[in-house]
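Thanks for making the time this morning. I would like to walk through the aromatic residues first and then turn to the sheet.

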Amino acid sequence: MKNAGYEIIMMEHYTEDYAIVLGVNSSNQYVTWDSKPIENHFFWGHYFNNKINALADYHTRLLSYYNARIESK
């Protein structure tokens, strides 16, 4: 799957319809997006020059959504 020149290399659904994705482009720049993969819709991008910071953001974003779901129960 691709978006805006980025190859999606990781995707984790935090609900049935929404996911956090990690992408990389040909210049080795990284992005994390919230997404609605079924609709091929990506939003709220965070952009990085290295994979370590992008991975940290990817996991932080997932944790924040998982924690919000736990707290809402």
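Is Tyr-14 buried or exposed? Please keep in mind that what we have here is a predicted model. Tyr-14 has a relative accessibility of 7%, and because the cut-off for buried is under 20%, Tyr-14 counts as buried.

Let me place that residue among the rings, since a search of the whole structure finds 8 aromatic pairs. In one of them, the ring centres of Tyr-14 and Tyr-65 are 4.0 Å apart and the planes are at 10°, so this pair counts as stacked. Tyr-14 lies in the loop between strand S2 (6–13) and strand S3 (19–24), whereas Tyr-65 belongs to helix H1 (residues 51–71), and the pair therefore ties together parts that are 51 residues apart in sequence. Tyr-65, for its part, counts as partly exposed, with 24% relative accessibility. Both tyrosines also belong to one aromatic cluster, together with Tyr-18, Phe-43 and Trp-44.

Another aromatic pair is formed by Trp-33 and Phe-42, and this one is tilted, with 5.3 Å from centre to centre and 55° between the planes. Trp-33 is buried at 4% relative accessibility, and Phe-42 is buried as well, at 12%.

Now to the sheet, which is open and has 5 strands in the order S1-S2-S3-S4-S5, with antiparallel pairing. Strand S1 (2–3) and strand S5 (41–48) stand at the edges and have a single partner strand each, so one side of each is left without a neighbour in the sheet. S1 is joined to S2 by 2 bridges, the two strands running antiparallel, and Asn-3 stands opposite Tyr-6 in S2.

Notes
Residues are numbered from 1 along each chain as its sequence is written. This is a predicted model: local features need pLDDT of at least 70, side-chain atom pairs count only at pLDDT 80 or more; totals for chains, interfaces and linings use all residues. Side-chain values use heavy atoms; hydrogens and water are left out. Rings of Phe, Tyr and Trp (its six-membered ring) pair if their centres lie within 6.5 Å; planes under 30 degrees apart count as stacked, over 60 as edge-to-face and the rest as tilted. Helices (H or I, at least four residues) and strands (E, at least two) are DSSP runs, numbered from the N terminus. Buried means under 20% relative accessible area, exposed over 50%, partly exposed in between (1.4 Å probe, protein chains only). Two strands pair if DSSP finds at least two bridges between them.
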